[in-house]
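Open the structure in a viewer and keep the selection panel at hand. The tour goes one selection at a time.

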Amino acid sequence: MSAQQRSALFIDGANLYAATKALGFDIDYRRLLKEFQARDNLIRAFYYTAMVEDQEYSSIRPLIDWLDYNGYRVVTKPAKEFVDSAGRRKIKGNMDIELAIDALELAPRIDHMVLFSGDGDFRSLVEAMQRKGVRVTVVSTIQTQPAMVADDLRRQADEFLDLVHLIPRVGRDPGERSVRSALDRSAPGDTGTRSRGETPERSARPSPALETRYGIRQGEENPEGS
């Protein structure tokens with residue numbers, strides 16, 4: 001691809017997390033950004049996620065904070081809680097409208113849209129972007145049962161990129177994960193309940209659990225490639 005081709009990433013955070021979890025790997029968001037900067041003239045990288053505001057501490061907050069300071073444009077909104085017909089507490093947070101508006105507004109300034117989502121609701125958006133002359137790549141996976149990408153979305157895209165082919169380039173080293181996990185388990189006062197990065201309070205110290213969960217590093221004043 002030409003370095004003059006202007007591109008933008010649009011990451012459906014919840015959908016991407018579900019896909020990587022199904023494939024059994026974790027994304028290093030620093031490597032992800034570098035990978036697509038090397039492919040195109042990347043002018044923007046959006047990350048969309050809904051958050052439960054009434055929680056004292058959200059396990060996704062460290063990721064959001066890191067992305068916001070390291071080259072991503074983070075878009076959030078409050079998630080809505082409801083009780084389903086079986087009496088189970090559910091949380092709903094759909095970011096489709098926010099993503100679609102940003103993409104359509106940016107369409108005159110980009111040549112290539114990279115959509116990290118398998119949600120079939122985005123088919124109409126992809127079609128609209130194509131009518132504006134923007135080439136669209138959809139990133140998800142068909143290597144799970146069932147596939148994580150809707151068939152009509154995959155057909156509409158100009159290109160489909162399976163996440164499994166990105167693992168060597170944007171996935172975290174399993175060896176690093178095991179080392180960081182061991183460090184986290186051996187931390188003083190650790191009760192072994194932080195498997196998803198939750199902590200009873202937010203600490204200013206770099207957290208091995210944060211690296212383990214999200215593949216990111218805290219407290220780096222001069223990150224790689226900066």
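What follows is a list of stops, each with something to select and a note on what is there.

**Colour by confidence**

This is a predicted model, so begin by colouring the chain by pLDDT. The average over the protein chain is 79, and 70% of the residues score at least 70. Now select residues 178–226, where pLDDT stays under 50. For this stretch the model has 69 contacts beyond four places in sequence. The remaining stops are elsewhere in the chain.

**Strand S1 and its partners**

Select residues 6–12, which make up strand S1. Six of the seven residues of S1 are buried, and the strand is mostly covered. Add strand S2, residues 41–51. S1 and S2 are paired in the parallel sense, with seven bridges between them. To see one of these bridges, pick arginine 6 and its partner in S2, asparagine 41.

Next add strand S6, residues 112–116. S6 also runs parallel to S1, and five bridges join the two. Here leucine 9 stands opposite valine 114 in S6.

**Aromatic pairs**

Stay with these strands and show the aromatic side chains. How many aromatic pairs does a search of the whole structure find? There are five. For one of them, select phenylalanine 10 and phenylalanine 46: the pair is stacked, because the ring centres are 5.1 Å apart and the planes are at 15°. Phenylalanine 10 belongs to strand S1 and phenylalanine 46 to strand S2, 36 residues apart, so the pair links distant parts of the chain. Phenylalanine 10 counts as buried because its relative accessibility is 0%. Phenylalanine 46 is buried as well, with a relative accessible area of 6%.

A second selection is phenylalanine 36 with phenylalanine 116, an edge-to-face pair with 5.6 Å from centre to centre and 75° between the planes. This pair also links distant parts of the chain: phenylalanine 36 lies in helix H2, phenylalanine 116 in strand S6, 80 residues apart. Both phenylalanine 36 and phenylalanine 116 are buried.

Go back to phenylalanine 10 and add Tyr48. Phe10, Phe46 and Tyr48 form one aromatic cluster.

**Helix H1**

Select residues 13–23, helix H1. Which residues of H1 are buried? They are Gly13, Asn15, Leu16, Ala19 and Thr20. These residues are on the same side of H1, because they cover an arc of only 165° around the axis. Turn the helix over to find Ala14 and Lys21, which are exposed on the other side.

To see what covers the buried residues of H1, show strands S1, S2 and S6 and helix H2 (29–39), which are among the elements there. Then step past the end of the helix to glycine 24, which follows H1 and has a positive phi, near 80°.

**Helix H4**

Now select residues 96–106, helix H4. Its buried residues are Asp96, Leu99, Ala100, Ala103 and Leu106. Looking down the axis of H4, these fall within an arc of 140°, so they line one face of the helix. Ile97 and Glu105 are exposed, on the face turned away from the buried side. The buried residues of H4 pack against S1, S2, S6 and H5.

**Methionine 129**

Helix H5 covers residues 123–131, and methionine 129 is found in it. Is methionine 129 buried or exposed? It counts as buried, because its relative accessibility is 0%. Leaving aside neighbours within four places in sequence, methionine 129 is in contact with Ala103, Leu104, Ala107, Ile110, Met113, Val134 and Val136. For a distance to check in the viewer, take the C-alpha atoms of methionine 129 and alanine 107: they are separated by 6.7 Å, with the two positions 22 residues apart along the chain.

**Threonine 144**

The last stop is the loop between strand S7 (135–140) and helix H6 (151–156), where threonine 144 has its place. Threonine 144 counts as buried because its relative accessibility is 11%, and the cut-off for buried is under 20%. A polar atom of the threonine 144 side chain lies 2.7 Å from the backbone oxygen of proline 146. Not counting residues up to four places away in sequence, threonine 144 touches Ala22 and Leu23. Both of these belong to the range of helix H1, residues 13–23.

Terms used. Residues are numbered from 1 along each chain as its sequence is written. Side-chain values use heavy atoms; hydrogens and water are left out. Helices (H or I, at least four residues) and strands (E, at least two) are DSSP runs, numbered from the N terminus. Buried means under 20% relative accessible area, exposed over 50%, partly exposed in between (1.4 Å probe, protein chains only). A polar contact is a pair of N or O atoms within 3.5 Å; within protein, one must be able to donate a hydrogen and the other to accept it, and residues adjacent in sequence count only if both atoms are side-chain atoms. Contact means heavy atoms within 4.5 Å. The arc is that of the directions from the helix axis to the C-beta atoms. Two strands pair if DSSP finds at least two bridges between them. pLDDT is the predictor's confidence in each residue, from 0 to 100. Rings of Phe, Tyr and Trp (its six-membered ring) pair if their centres lie within 6.5 Å; planes under 30 degrees apart count as stacked, over 60 as edge-to-face and the rest as tilted.
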